[in-house]
Amino acid sequence: MMEAERKRPGKRRLPRQKSFTEALKEKYCSPEIDSCNSGGFVVNIVYHGKPKTNGSDAELAYLRNVVLCDRRVSKAGIPSDGLRSLCPNVIDLDLSGNLLDDWSEVVNIISHLPFLKFLNLSRNKLVNKQNFLQNWGTSLDKIESLVLNETDVAWDEVLTVASHLPSLQELHTCKNGYTHLSSSTLRGLEKVKYLKMNYNQIDSWEEVWKLRHLPELDTLILSGNPLKDVVYKHIDDTDHVCIETDNTATDDVDISSNQDEEDDENGNKSPAQYATDVVEQVLVEAFSELEQTILDKSEVVQQNKDRTVVDKTADKDRNIDNDRKIDNDSNADNDRKIDNDRTAENDSNADNDRTADNDRTADNDRTADNKVPVNFYLEPEENHNDSSSGQDRKAFRKLKSLCVSDTCIHSWDHLWALSSFPNLESLRIQNIKLMSEMGEDDRRKLKIASLPNIKFLNGSEVFCTEREKAERYFVRYFMEQETQPERYKELEAKHGKLKPIVDIDISRGFMEEAKLTFSLNGMTLSKETFKVKDIVQELRVFIMKKLGIRQMYKLFHYGCGPYHPKNEEVLFQELQSPLLQMSRYDIMDGDEIQIRLSNPFRVREGSLQYLNVLFYLVECDYK
């Protein structure tokens with residue numbers, strides 16, 4: 001009776017819920033004891049360690065990574081003096097799989113960890129009780145990574161939490177059942193580089209498109225979502241998204257744009273047209289000044305040339321006078337005449353040099369004046385701002401890595417749309433409806449050919465030779481189909497119309513075994529069956545063991561079997577490499593292996609080599 005009462009099932013008692021502080025002390029303050037059974041004896045192994053504390057007196061000052069998974073933590077339980085005396089240096093905190101259901105408890109924990117950078121709250125069903133997140137006034141500047149997988153936190157609440165984490169760079173929101181993403185604001189995600197949203201319920205690319213203006217987004221993981229399409233839209237000037245909720249600024253922009261439209265309707269100049277007119281006026285004034293400068297320099301050059309002509313005429317007159325003095329003067333006068341001639345020549349040379357220098361200077365000035373300064377052709381400043389802002393407005397302008405595996409993409413146009421992303425380099429796209437019936441090799445070729453900008457596909461680098469072969473395969477694959485994707489026309493223009501590849505069955509006529517005839521100087525010694533996959537050395541082993549031939553010889557293959565093509569010459573070749581397979585020499589059933597001895601006079605008793613001597617002597621007599 002007592003045993004029956006003991007075995008009677010009752011309500012199972014649930015483990016006691018704990019606070020964060022209790023779970024922390026339970027795991028890290030008490031020494032962990034492991035037991036092992038060794039030869040019938042139970043041995044308790046106690047781990048003790050005292051890592052560096054960086055000069056802190058806290059009990060767990062050495063802790064940098066705290067893992068409290070599945071510890072039934074339901075509240076903070078922070079002591080009155082905070083966590084300074086317990087674990088002030090924690091950087092990574094993992095609280096996944098606990099019973100936390102209130103954001104106020106979570107904030108109470110992480111606000112006492114000033115160096116915290118990584119926070120994992122997965123599998124905690126968090127609720128925004130009493131609108132705590134809307135009334136949360138402080139920010140946590142150190143946290144860079146936040147994991148909210150399977151928390152059922154609404155997307156708007158995620159954005160609210162992110163707005164209090166100004167350094168957030170990595171965000172995980174998997175398995176939260178998202179079907180729509182709010183597009184009213186993306187505040188809090190300005191610095192996010194890595195966004196993981198796989199295994200939600202997003203089925204339209206319109207929802208993903210709402211993330212297009214995240215300025216630092218580098219990696220986007222969307223695998224496991226029932227996405228049916230991928231579309232890339234080229235954004236015009238009217239497309240914008242609000243990163244921060246600032247209604248006043250938005251209203252100002254709308255008013256200014258409306259004012260510009262009204263000015264255009266009334267015939268007034270828009271700011272852009274006004275700037276263009278100003279630049280044109282500046283160019284006209286600059287060119288007029290340039291023309292006046294060229295004229296002034298031309299006059300200077302002409303004056304220099306006239307001065308040079310006068311100097312040359314005076315030099316000639318002085319030379320004539322000196323010649324007249326030669327007939328009447330003494331030798332001393334002749335010496336002076338020579339000196340004067342030299343002086344005149346030097347003066348003339350100097351004048352010519354000055355003239356040449358002036359001419360070159362004028363030419364250089366004229367060439368420099370003909371070149372229009374670069375600054376005169378610069379676009380107006382407003383145009384520069386427009387181009388830079390247009391570059392910034394590109395959708396997903398910094399996205400380099402994208403994962404859309406396990407989705408419902410089913411169109412070639414959707415695959416081709418991925419090539420429009422401006423900086424996309426790495427793509428993971430596996431297990432999609434498109435190409436689901438093809439082999440892995442064919443799928444990879446078609447994906448590579450459809451994505452010319454991708455450098456890494458499913459984790460493997462795409463090389464130039466592989467891309468070349470893939471593009472040719474793409475052209476041949478679609479050349480005879482009724483519907484052809486847009487990419488086909490580009491590749492056909494690049495590679496031309498290719499001929500289809502002929503399907504050749506190389507296995508036709510292949511035999512695993514071949515019965516070979518061994519002969520010595522025309523005499524048949526033996527017939528044996530070999531596998532053509534065996535190496536030629538097996539033939540030599542057979543000749544040595546079965547035929548008893550041990551001296552030096554050469555092997556020749558005579559393709560006289562019935563399985564060789566009749567329109568080809570009879571194959572006769574030496575089997576030089578003993579390590580090659582017989583199939584490499586095209587050895588088939590019915591062929592002959594000829595043995596030729598290097599020294600026919602070396603015979604051994606008890607072997608068949610005496611036949612070779614007889615054949616050799618008969619040959620000599622006959623000759």
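**Entry 1: F396 and its surroundings**

I started at F396 in this predicted model. Setting aside neighbours within four places in sequence, I found F396 in contact with V208, W209, L211, R212, L217, L220, F421 and P422. Is F396 buried or exposed? Its relative accessibility is 2%, so I noted F396 as buried.

Next I looked up the rings. W209 and F396 form an edge-to-face aromatic pair, with 6.0 Å from centre to centre and 65° between the planes. W209 belongs to helix α6, while F396 sits in the loop between α10 (381-392) and β12 (401-403), so I wrote this down as a link between distant parts of the chain, 187 residues apart. W209 counts as buried too, because its relative accessibility is 6%.

I then followed the ring pairs outward. They link W205, W209, Y232, F396 and F421 into a cluster. My search of the whole structure gave 17 aromatic pairs.

**Entry 2: the largest nonpolar core**

Which residues touch the most other members of the largest nonpolar core? Out of its 94 residues, they are F20, L24, L211 and F396. I was glad to meet F396 again here.

I listed the elements that give two or more residues to this core: α2 (20-28), α3 (103-110), α5 (155-162), α6 (205-209), α11 (412-417), α12 (440-450), α13 (464-478) and α14 (486-495). Where does the core lie with respect to domain 1 (56-192) and domain 2 (406-495)? Both domains give residues to the core, so I place it between them.

Apart from this core there is another, of 22 residues. Its members include A514, L525, L547 and I593.

**Entry 3: helix α15**

I turned to helix α15, residues 537-545. Its buried residues are L539, F542 and I543. Viewed down the helix axis, the buried residues of α15 fall within an arc of 100°, so they line one face. I reminded myself that an α-helix has 3.6 residues a turn, so residues three or four places apart point the same way.

What covers that set of buried residues? The cover includes β16 (513-520), β17 (523-531), β18 (553-559) and β20 (592-597).

One contribution from β16 caught my eye in the ring list: F518 lies in that strand and F542 in helix α15, so their pair ties together parts that are 24 residues apart in sequence. The F518 and F542 rings are tilted, at 4.9 Å centre to centre with 40° between the planes. I checked burial as well, and both F518 and F542 are buried.

**Entry 4: helix α3 and L113**

I asked which residues of α3 are buried, and got W103, V106, V107, I109 and I110. Their arc around the axis is only 160°, which puts them on the same side of α3. Their cover includes α2, β5 (73-75), β6 (92-94), β7, α4 (132-135) and α5.

Then I moved on to L113, in the loop between α3 and β7 (118-120). L113 has a relative accessible area of 4% and is buried. Not counting residues up to four places away in sequence, L113 touches L83, C87, V90 and L93. I also took a C-alpha to C-alpha distance: L113 and I91 are 8.0 Å apart in space and 22 residues apart in sequence.

**Entry 5: charges over rings**

Two cases went into the notebook. The charged end of K445 sits over the ring of Y473, 5.0 Å from its centre. R596 lies over the face of F556, at 4.9 Å from the ring centre.

**Entry 6: positive phi**

I looked at two residues that have a positive phi although neither is a glycine. For D152, phi is about 60°, and the residue is found in the loop between β8 (145-147) and α5. For M435, phi is about 65°. M435 is placed in the loop between β13 (426-428) and α12. Is M435 buried or exposed? With a relative accessible area of 6%, M435 is buried.

**Entry 7: the whole protein**

I ended with the overall tallies. The protein has 16 helices and 20 strands. Of its 623 residues, 34% are buried. Among contacts between residues at least 6 apart in sequence, 71% join residues at least 24 apart.

Key. Residues are numbered from 1 along each chain as its sequence is written. This is a predicted model: local features need pLDDT of at least 70, side-chain atom pairs count only at pLDDT 80 or more; totals for chains, interfaces and linings use all residues. Side-chain values use heavy atoms; hydrogens and water are left out. Buried means under 20% relative accessible area, exposed over 50%, partly exposed in between (1.4 Å probe, protein chains only). Helices (H or I, at least four residues) and strands (E, at least two) are DSSP runs, numbered from the N terminus. The arc is that of the directions from the helix axis to the C-beta atoms. Contact means heavy atoms within 4.5 Å. A nonpolar core is a set of buried Ala, Val, Leu, Ile, Met, Phe, Trp, Tyr and Cys residues joined through side-chain atoms within 4.5 Å. Domain bounds come from an automatic or database domain assignment. Rings of Phe, Tyr and Trp (its six-membered ring) pair if their centres lie within 6.5 Å; planes under 30 degrees apart count as stacked, over 60 as edge-to-face and the rest as tilted. A charge sits over a ring if NZ of Lys or CZ of Arg is within 6 Å of the ring centre and within 35 degrees of the ring normal.
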